[in-house]
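Visitor: Please take a close look at one residue here, and work outwards from that residue to the contacts, loops and surface features around the chain.

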Amino acid sequence: MFALFRPAMHRAPLPAEHVDTTYRRLRWQIFAGIFIGYAGYYLLRKNFSLAMPYLIEEEGYTRGQLGVAISAVAIAYGLSKFLMGLVSDRSSPRYFLPFGLLLSAAVMFLFGFAHWATSSVTVMFVLLFINGWAQGMGWPASGRTMVHWWSRKERGGVVSVWNVAHNVGGGLIGPLFLLGLGWTNDWHAAFYVPAAVAVLVAVFAFAAMRDTPQSVGLPPVEQYKHDYPEGYDASHEQEFSARRIFVDYVLRNKLLWYIALANVFVYLLRYGVLDWAPTYLKEAKHFSVDTTSWAYFFYEWAGIPGTLLCGWMSDRIFRGNRGLTGIVFMALVTVATLVYWLNPPGNPGIDMAALFAIGFLIYGPVMLVGLQALELAPKKAAGTAAGFTGLFGYLGGSVAASAAMGYTVDHFGWDGGFVMLVAACLLAIAFLLPTLRHTQASSRTREALA
């Protein structure tokens, strides 16, 4: 099946006078494809969370059972993001990204229209596992596209802007759910309304995306921008073997291991808050369904300005020191999480503000980990490097946010759950500290060579 995704063949070079105009036009078009395409993935990533209060009330499931079911997304996504990263580095993202989105939409249609889809924890786990595997095809395809179409000096800004696609898609889940609920008076609309939109997004992404510049007759972006990374030569345009990608550029890269471990706890906080926000706000803070849906929206969309600010601060204020930027943002996330937890019921404005602050701050560190992964490997290995950090984030952090958080709350109440979230903030900072020292050393080396 993966033969369908093979990279496109190189076309004959375009005349020199057409290179600049074609590059400019295609880069806008391709960015729209990967931005809207990846936002479409997030329409289907966490919509199960909005259905969880109904599954508890109407179907009799416990929080722990639903935590186990939803952990399937994280388990499958972590494995898929890494393994599909290996495949994506040897595939055309124009086919790879839309195919995964269509597969994910098919699973959501089953949840929306097939009664057996929510008949047991096992069935839900299997379907959510398939969804998580399909979801893992989005990031690597987008990462491969960005490293081929934007050079190193401009990539930080491009990645930070693209990264807000997480929030655009995730934030639209709540309003789409309310819209579907108003039309149908059926909570299953949380599944089939976003899925219908995602199908349209997949068609658009396929129409807008392309493979490499060489596949449309353009020179490599390094040549076009006169921006060559250290050690760049013709071999960087050749496809690497899977073994070379995995062993040489991932397993032997110490900094990738540091940021991968930090990513475990960044993701534990990110999804520990996001997955359980509708349930926590309803049970502990007595929010209505409408209010919890909008709280979900504000959490996600707060990440848009937060991610852009984080990218700007990382480049301009912290002079490329991704580790220090991440530490500052995680320290502020810790404060916001404490407010979200300790604010007593009856103060919804403070709860909403705290949730907004967490969303504003947490997506910056998420973006920085992905950006560092892209910068730490050659572009032909970018999908695998990003997938490696994602493997840790999802198998470690997101699984804990789903299953461990659910059972912790069942046995120790919401206070026990928030102790775990605050501990995750502190551990993320601890694992970012070695990357801070490494970044400073690297910066001094670059300055010495300049």
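Guide: Leu 342 counts as exposed because its relative accessibility is 56%, where exposed means over 50% relative accessible area, buried under 20%, and partly exposed in between, with a 1.4 Å probe and protein chains only. The model is predicted: local features need pLDDT of at least 70 and side-chain atom pairs count only at pLDDT 80 or more, while totals for chains, interfaces and linings use all residues. Residues are numbered from 1 along each chain as its sequence is written, and side-chain values use heavy atoms, with hydrogens and water left out.

Leu 342 lies in helix α14, residues 322–342; helices here are DSSP runs of H or I with at least four residues, numbered from the N terminus. In space, the C-alpha atom of Leu 342 is 8.9 Å from that of Asp 415, although 73 residues separate the two in sequence. A second pair of this kind is Leu 66 and Phe 125, 59 residues apart along the chain, with 9.0 Å between their C-alpha atoms. Leu 66 belongs to helix α3 and is buried, its relative accessible area being 0%.

Helix α3 (residues 63–88) holds Arg 63, whose salt-bridge partner Asp 410 sits in helix α16, 347 residues apart from it, so to speak of distant parts of the chain being linked is apt here. The closest N and O atoms of Arg 63 and Asp 410 are 3.2 Å apart; a salt bridge is a side-chain nitrogen of Lys or Arg within 4 Å of a carboxyl oxygen of Asp or Glu. Arg 63 is partly exposed because its relative accessibility is 22%, and Asp 410 is partly exposed at 31%. Together with Glu 283, Arg 63 and Asp 410 are linked in a network of salt bridges.

The count by this rule is six salt bridges. One of them joins the side chains of Arg 144 and Asp 211, at 3.6 Å from N to O. Arg 144 is in helix α6 (residues 138–149) and Asp 211 in the loop between α9 and α10, so that this pair links distant parts of the chain, 67 residues apart. Arg 144 is buried, with 1% relative accessibility, and Asp 211 is buried as well, with 5%. Another salt bridge runs between Lys 285 and Asp 351, with 2.6 Å between the closest N and O atoms. Lys 285 lies in the loop between α12 and α13 and Asp 351 in helix α15 (residues 348–375), so the bridge ties together parts that are 66 residues apart in sequence. Lys 285 and Asp 351 are buried.

The loop between α12 (254–283) and α13 (289–317) also contains His 286. Its phi is positive, about 65 degrees, although His 286 is not a glycine. His 286 is exposed because its relative accessible area is 61%. Asn 185, in the loop between α8 (165–184) and α9 (189–208), is another residue other than glycine with a positive phi, near 55 degrees. Asn 185 counts as exposed, with 69% relative accessibility.

Helix α16 (residues 382–449) contains Leu 395, which makes a nonpolar surface patch of about 200 Å² with Leu 79 and Leu 83. Patch residues have over 30% relative accessible area and no salt bridge, and nonpolar side chains (Val, Leu, Ile, Met, Phe, Trp, Tyr) are joined within 5 Å, like charges within 9 Å; areas come from the Shrake-Rupley method with a 1.4 Å probe. Leu 395 counts as partly exposed because its relative accessibility is 32%.

The last feature is the second largest pocket, with a volume of about 250 Å³. Residues lining the second largest pocket include Asp 20, Arg 24, Trp 150, Val 161 and Tyr 224. Two or more lining residues come from each of α1 (16–42), α7 (152–163) and α10 (221–225), and α1 gives the largest share, five residues. By class, the lining has six nonpolar, one polar and four charged residues; Ala, Val, Leu, Ile, Met, Phe, Trp, Tyr, Cys and Pro count as nonpolar, Asp, Glu, Lys and Arg as charged, and the others, Gly among them, as polar. A pocket is an open set of points on a 1 Å grid where a 1.4 Å probe fits, with protein on both sides within 12 Å along at least five of seven lines, and lining residues have an atom within 4 Å of a point. The volume is the space filled by probe spheres set on the points.
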